[in-house]
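I sat down with this one to see what its surface and inside look like. My notes follow.

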Amino acid sequence: MLVVLDNARDAAQVRPLLPGTASCAVLVTTRSRMPDLASTRLVDLDVLDDDEALTLFTRIVGDERAAAEPEATAELLLACAGLPLAIRICAARLATRSGWTIRTMANRLRDEHRRLDELRAGDLAVRASFQVSFASLPASAQPDGIAPADAFRMLGLWHGPSISSAAAAALFGTTEDLAGDALEALVDARLLESRSPDRYKFHDLLRVYSSERAVADLSAQARDVAIGRLLRWYMRTADAAATAHVPHRVNIPLDSVGGDPPPLSFATAEEALAWYDDESANLVAATRQAAESGLHDIAWRLPAPLYLVFNSRGNWADCIATSRIALDSARRAGSRQGEAWILNNLGDALGNIGDPEGIGHIERSLAIRREIGDRVGEAQSANNLADVYLLLGRTAEALDLYRRSLELNREVGHRYGEGIALTNLGWALLDADRAEEAIDYLMQGRRIFAEIGYVDGEGYALSILGRCYLSVGRDEEALDSLRQALTSHQTTGNRRRQAATLRSIGTAEWRVGLTAQARQSWAQAVAIFEELGDFAEAAEIRAEQESSGLS
């Protein structure tokens, strides 16, 4: 005998109905996962994939109608996000409205605030289906915990694509353990997804419903307090990550705010970069949401310290996008120091992609820092303006600015900045075919980085030093310097510098007759550059390898 228990609420409802003999099988359908119900097999019905969604849709509206409007069909199905009920409702509405095109229905779904209103036909409604699951949520398992329903509402305030338990704790105003309990309760109720450890996200339509619940059930003050906590947490954790990555960087200290959950801390640069890799999309979302919420002090300060993190990952697109938002917010907040910092970051990022617009931004940063008497900042802007000049082929001007940056850093006793200026002077001199002259600057820079414990800086100086040795025919010394540089960059997780150093190592190995190793080094460099999305650099390496006869 087969016993079917349809739409069961929870395990407590199912247990009394289970037969006591082995001759009966039981099939239970439920909205929740029921982890506390002993079962021989769990079949987790996920949303439909693209082909399945199209099949369901065309079965109702007809193949010809869908084929006539492929773009509108794709947009409609994207809005339905694979939810069978949503697809069925849209198709049913189109089937009963011969005067509507698929584009008509797709356009009606564009407004997120009205999307669930549109996903209704007769007694079928996506919102009503969500409401059943939401109303069935249990109370908190802990006396001081957060109710899963309240967690669901507050998650609707966050615009990022995912959330961790630590970030959720900041949003909820509770501990990470209690936040995790609430998140897992939502996963069990199928109101939240968790596709990887400690990473949670909404189905697109559930995100809309959660946002509705937040607006309907939480006061404006409660909403503002919750999202402010989360965005400040992101700001402080981003600052901690940037400091772990480069401890001696130029910085503007943050004021403490009592009552906020503490930010994450990072023991190593690699830990900080791993957090960034997990949170990169959320950091862009947090910056944008802070600006949209009028929290301009957060919107400019959140991405500002991450410049060198963006650099190490070659993520110029996010750096530029967040910096443009931050620049507007710094100006709205009236922070001249912040405006100068962001202008410097934005200009250098644009310079790194070959956009001459960057020059004007760094020149403005330099002027502001001179005006407000920020000499450390002035030295940084002079250095970064030189970076852009060098990338654009204006080597003589770059050399003058690097020397000015070196002078300023020495005057204020900023050892990190002095090391950067010395190393960049070596880079510029190498670019001007003055490698012998560059070597002394690079060795000075390396010594400073060793003294202050900046491992990635040591690797940077050693990498350029190795290239100088290659330029003057000291190939064995070049290979030794470059291998030391690679070890430094691997220790700190700087993928971009790893790739650049591997490229030079390949050249050095080829010159000393290590052809197999050269092929391997060049292949590794190409793989990393392609992983970072820098296909132009990867193509240059392939061309160099081909010209060497080792392709």
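Before starting, I fixed my terms: contact means heavy atoms within 4.5 Å, while helices (H or I, at least four residues) and strands (E, at least two) are DSSP runs numbered from the N terminus. This is a predicted model, where local features need pLDDT of at least 70, side-chain atom pairs count only at pLDDT 80 or more, and totals for chains, interfaces and linings use all residues. Residues are numbered from 1 along each chain as its sequence is written, and side-chain values use heavy atoms, with hydrogens and water left out.

**Helix 11.** I looked up helix 11 (residues 176-188) and found 13 residues. Its buried residues (under 20% relative accessible area, 1.4 Å probe, protein chains only) include L178, A182 and L186. What covers them? I found that the cover includes helix 9 (148-155), helix 10 (165-172), strand 5 (193-196) and strand 6 (199-201). After helix 11 comes R190, with a positive phi near 60°.

**Cores.** Next I checked nonpolar cores, which are sets of buried Ala, Val, Leu, Ile, Met, Phe, Trp, Tyr and Cys residues joined through side-chain atoms within 4.5 Å. The largest has 104 residues, and L230 is among those with the most contacts inside it. Helix 13 (residues 220-245) gives this core its largest share, 10 residues. Setting aside neighbours within four places in sequence, I see L230 in contact with W158, A167, A170 and L171. Another core, of 52 residues, lies apart from that one and has W427 and Y460 among its members.

**Strand 2.** Last, I looked at L27, which sits in strand 2 (residues 25-30).

Notes
Buried means under 20% relative accessible area, exposed over 50%, partly exposed in between (1.4 Å probe, protein chains only). The expected span of a helix is 1.5 Å times one less than its number of residues.
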